[in-house]
Amino acid sequence: MQRRDVIKSAAITVFGAGLPFSGANAQSRYAKYAGQTVTLNVPSHPHYDAMAKILPEFTRETGIKVEVDKLAMARLKDKQLLEMAKPQGDYDLASYVVMWKGEYVAKNLIRPLDPYLANAALADPAYDIKDIIPIYLENLGLVGGPKGYLPGPGAKLYGLPYGAETSVLAYRRDIFAKHNLQPPENYEQFSKLLRLIKDKEGIGALASRGQAGHQCVHAWLLHLNPMGGAIFDDKWKPRFNDPIGVAALKFLQEVVATGPAGIAGYGQGESNTAFLQGQASMYLDSTLLAGLVNDPAKSRVAGKVSWALHPAGTRRSSQSGGLGLAIPKNAKNGDAGFLLMQWLTSKAQDKSVARAGGVPIRNSTMADADLVRQYPEYIVFREALKYSNPDWRRSSRPGTRSMCRRWAWASPRR
């Protein structure tokens, strides 16, 4: 089975047809559900902040009300597991982190999307699922294929990307011009820049996650994959402590030694803030930062940032991950939840949320001439997606957390 066959087969009856629909047909789709309330569970996250700006339009168009339960990311999964274990939970639509999808399916907590996509009374024939960036749709939505989470035989679609991301390098154009520097193409250049920028500019070289646990593992994986490493081999034999894994950890150790003050306690939010507040010259992580960088109310570096591909090691490999939307098995208003999911991820609303500072999930949005003029970084982001690795995380099994804690921060700041 080819890489995208699973996705196409999941939606071919309705979405694949690409038939036009009239306003009257759209209204009849929503009429049955007007007056219902969809309870949407989301994290505190920049993309969902952007979503909040466009959400009132959904109610105006459909008559369906939306109640948003917004939680800190650290609380999100525990609350979802609690609600989805009940005979009937409070949530009709929930945002999840990519690593959770397999667990939710194994515990029978979320619904497959095939029945919704095949239901002509609900599915919008103009939705065009093939326009969604394939790596995002596969990575966030598929469960049951090779290794349990990759496209291929047995994979089914359980969610849609919303807040999906890949990794790119942001750098201070003004600082690089001041010292006649170029963005690093590879890890050899990257490594040399860390110490050079720290010594010349006196601020952190690279903003990075550093907090023990998931956060520092994420940072380590950002370097492990392009260097050619992995946590497990194809037979699930651990290999994270091979020479490549050690080299990636030593690189991360140097990132901490040359980084902004407090980096060893940084989660994603703190890393974002350090760059936005001018405390670091570079940032290597999620594309979601773009919306924040461009907002003068949140960024002191607006207008001073350029973007480049994730530097290459033995290969180019950028992360794939982020957030998706799924319908809980025990949702009271699951059909209305699907209509909201479909609306949020449609072509029109993907462009709307991008204009509001969110991250796009569709090829048509990334290629839109007006948006590219507004956000020229989309040119780099589209190129970065060619190297986005659906298997970049593999699994953060016990052992890697304590390894980051013991070793990466062992050297004193020089």
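A salt bridge is a side-chain nitrogen of Lys or Arg within 4 Å of a carboxyl oxygen of Asp or Glu. This tour starts from that idea. The model on your screen is predicted, so local features are described here only where pLDDT is at least 70, side-chain atom pairs count only at pLDDT 80 or more, and totals for chains, interfaces and linings use all residues. Residues are numbered from 1 along each chain as its sequence is written, and side-chain values use heavy atoms, with hydrogens and water left out.

**The whole chain**

Begin with the full chain in view, coloured by pLDDT, which is the predictor's confidence in each residue, from 0 to 100. The average pLDDT over the chain is 89, and 88% of the residues score at least 70. Select residues 1–22, where pLDDT stays under 50 and where the model has 49 contacts beyond four places in sequence, a contact being heavy atoms within 4.5 Å. Then select residues 395–414, where pLDDT also stays under 50 and the model has 47 such contacts.

Switch now to a cartoon view, in which the chain shows 19 helices and 10 strands; helices (H or I, at least four residues) and strands (E, at least two) are DSSP runs, numbered from the N terminus. Of the 414 residues in the chain, 57% are buried, where buried means under 20% relative accessible area, exposed means over 50%, and partly exposed lies in between (1.4 Å probe, protein chains only). Among the contacts with a separation of 6 or more, 76% join residues 24 or more positions apart.

**Salt bridges**

Side chains of opposite charge can pair when their charged atoms come close. How many salt bridges does a search of the whole structure find? The search finds 19, and three of them are visited here.

Select Asp-370 and Arg-373, whose side chains meet in a salt bridge at 2.2 Å, N to O. Both residues belong to helix H17 (residues 369–374), where they are three residues apart, about one turn of the helix. Arg-373 has a relative accessible area of 61% and is therefore exposed.

Next select Lys-77 and Glu-103, which form a salt bridge at 2.5 Å, N to O. This pair links distant parts of the chain, with Lys-77 in helix H4 (residues 73–84) and Glu-103 in helix H5 (residues 101–106), 26 residues apart. Lys-77 is partly exposed at 22% relative accessible area, and Glu-103 is partly exposed at 24%. Add Lys-107 to the selection, and you have a network of salt bridges that links Lys-77, Glu-103 and Lys-107.

Then move to Arg-239 and Asp-242, whose side chains form a salt bridge at 2.8 Å, N to O; Arg-239 is partly exposed, with a relative accessible area of 23%.

**Thr-62 and Glu-67**

Select Thr-62, which lies in helix H3 (residues 46–62). Is Thr-62 buried or exposed? Its relative accessible area is 5%, so Thr-62 is buried. Leaving aside neighbours within four places in sequence, Thr-62 is in contact with Tyr-30 and Ala-34.

Glu-67 comes next, in strand E2 (residues 65–71), and it is partly exposed at 48% relative accessibility. Not counting residues up to four places away in sequence, Glu-67 touches Thr-37, Val-38, Thr-39 and Leu-40. Draw a distance from Glu-67 to Thr-39, and the two are 4.7 Å apart in space, C-alpha to C-alpha, although 28 residues separate them in sequence.

**Helices H9 and H11**

Finish with helix H9 (residues 187–201), which has 15 residues and reaches 21 Å from its first C-alpha to its last, close to the 21 Å expected at 1.5 Å a residue; the expected span is 1.5 Å times one less than the number of residues. Which residues of H9 are buried? They are Tyr-187, Phe-190, Leu-193, Leu-194, Ile-197 and Lys-198. Among the elements that cover these buried residues are strand E6 (160–172), helix H8 (173–178) and helix H11 (243–257). Just after H9, look for Gly-202, which takes a positive phi of about 80°.

Move last to H11, whose end C-alpha atoms are 21 Å apart, in agreement with the 21 Å that its 15 residues should span at 1.5 Å a residue. The buried residues of H11 include Gly-245, Ala-248, Leu-249 and Phe-251.
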